[in-house]
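This report introduces the salt bridges of a structure to a reader who has not met it before. Please view the sequence and the model together while reading.

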Amino acid sequence: MDDLYRELILEHYKHPRRRGRLERPDVSAEEHNPLCGDRVRIDLQIENGVITDARFDGRGCAISQASASMLTDEIIGMPVEQAKQFSKEQLLALIGIPLNHNPVRIKCALLPLKTLKAGLYGVGHAPDDDEL
Amino acid sequence: MTASAALNLFDIVALRREFPILNQSVNGKTLAFLDSAASSQKPRRVIDCLEDYYRRYNANVHRGIYRLSEEATFAFERARGKVARFINASSQREIVFVRNTTEAINLVARSWGDANLRKGDRILLSIMEHHSNLLPWQMLAQRTGAKLEFLPIDGEGRLMLDNLDAQLAGVRIVAITQQSNVLGTINPVAEIAQRAHAVGALVLVDGAQSVPHMPVDVQALGIDFLAFSGHKMCGPTGIGVLWGRRAILEQMPPFLGGGSMIKVVGLYESTYADIPARFEAGTPAIAEAIALGEAVDFLQEIGMDRIYAHERELLGYALERLSEVEGLRVYGPATTEMRGGAVSFTLDNVHPHDVAAVLDNEGIAVRAGHHCAQPLHAHYDIPATTRASFYLYNIPEEVDRLVAALHKARTLFG
Ligand SMILES: Cc1ncc(COP(=O)(O)O)c(C=O)c1O
């Protein structure tokens, strides 16, 4: 429990940093996890190849929502090319979930990253979890 | 209702000892298994029965002229007889062994459905059906041009039958669950069958959640098909049952083609075996069928009426205790009247995955998700619920632990 619902995750879940929508996003993508109905949308503003603003929206468990909050926080100021390379190991380290955790919950944690990449690589190109 | 009231029905301590898996810790706490609606645990004698088959008389059935094969065939057919008596079938020929409920329903939709349905015919289901009693009919409708109709439910999660007679117009088959795996609602299938038969429609009952938990008598219910799974009734996975009225099964074409389902095979044409072999192509799940027979003996020795009564007491206690948890909403009937022991709920805005994770940390196994009933969850406009479900080996202390853990989840995420 303590490793899954650490303070950081609960904090981001209860007080998400960047929940909402952008008015004119350059990139907007939504992905679902059919297993549990989790849904995450990410809007990005991009200027000269750099992500200048990001918002997320959606519903789901504490893990997927906290992960979305931390990820959108993290990528602001990041070049698009670097964000495209953002790995699942990096994400799990960011939110503090061990890689060997219950695979169902890992799927929840990865949903925002999947959404981000679907947006950055273009519609219809959502990568599988093991490609992240 | 007190903890001891539920214990009076049978010696629960001794009964729990029959289930080796229950004697273990999860995250340092005794396992509280509250997910029997997904799959039940198995008593030692069922596990032993599987092993005994492989150790002593493993051989294919209906084929060998040697001792082991004869013994296996005898045990396999005896299991069929046990299952027939368990649901009061009029003949053991009416028992078709399949893999599970899903396959049983697909068999009827394919075999009976393709042979009998025409464009414009109607199929009546309900919105509380498990996907396995929905998809086979959707696919049949797409193949034949038949139309699907759905019985609605009321605020308590009970079927609304006010318009049943009107909804039955043009219906050829009604396929309905006897007990909802999400709401716990027990549906009046005998009444539905009577009214369906009045317009010449057949009735298939999804018994996946009823046969394990209450006495089911197919003749008293007056239905035409019953589908259920061994793994939810103390039996193994990989074995399930389709019961069908003999006169109807006899008119149905085969489902799968292959060995065992034939009389005479030519290069271009063949004739088919009588029922039930006609529907049992290929080598069956022999060990599993025999062990299902053992599970049936086990359940009958305890008594299905006592199992039902035990679960009902637990359910009553659970509904009462859960109502103490602030922010908790139970879906389905609020009382034990015509209701089984599957209790699905939401807890404020805490996601069911998070609820289940907190419970898991307390050693409590529940299911979180849509429970293969997405249309029902869409009806309530929720993506998922958490479900606790009870069986003969559950005890009031497990309900207490569930409630305590739910308070904890609320504090954690509140
Ligand atoms: C009501 C109901 N119908 C059908 C099924 C499908 O059973 P199985 O997966 O064994 O085919 C289940 C169980 O998951 C169920 O609860």
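The following paragraphs describe selected salt bridges and their surroundings.

The model is predicted. Over all chains, it holds 36 salt bridges. Three of the pairs, with their closest N to O distances, are set out below.

| Residue | Partner | Distance, N to O |
|---|---|---|
| B:R55 | B:E51 | 2.5 Å |
| B:E71 | B:R56 | 3.3 Å |
| B:D274 | B:K263 | 3.1 Å |

The salt bridge between B:R55 and B:E51 lies within helix α3 of chain B, which covers residues 44–57. Because the two residues are four positions apart in this helix, about one helical turn separates them. B:R55 is exposed, with a relative accessibility of 65%, whereas B:E51 is partly exposed at 40%.

B:E71 and B:R56 also form a salt bridge. This pair links distant parts of the chain, as B:E71 belongs to helix α4 (residues 67–86) of chain B and B:R56 to helix α3, 15 residues apart. B:R56 has a relative accessibility of 47% and is therefore partly exposed.

The third pair in the table joins B:D274 to B:K263. Here too, distant parts of the chain are linked: B:D274 sits in the loop between β12 (270–272) and α11 (286–302) of chain B, and B:K263 in strand β11 (residues 262–265), 11 residues apart. B:D274 counts as partly exposed at 41% relative accessibility, while B:K263 counts as exposed at 51%.

Finally, salt bridges with shared partners connect B:D52, B:R56, B:R67 and B:E71 in one network.

Technical notes
Residues numbered from 1 in each chain as written. Chains lettered and ligands numbered in written order. Predicted model: local features only at pLDDT ≥ 70, side-chain atom pairs only at ≥ 80, totals over all residues. Heavy atoms only, no water. Salt bridge = Lys/Arg side-chain N within 4 Å of Asp/Glu carboxyl O. Buried < 20%, exposed > 50% of the residue type's maximum accessible area, 1.4 Å probe, protein only.
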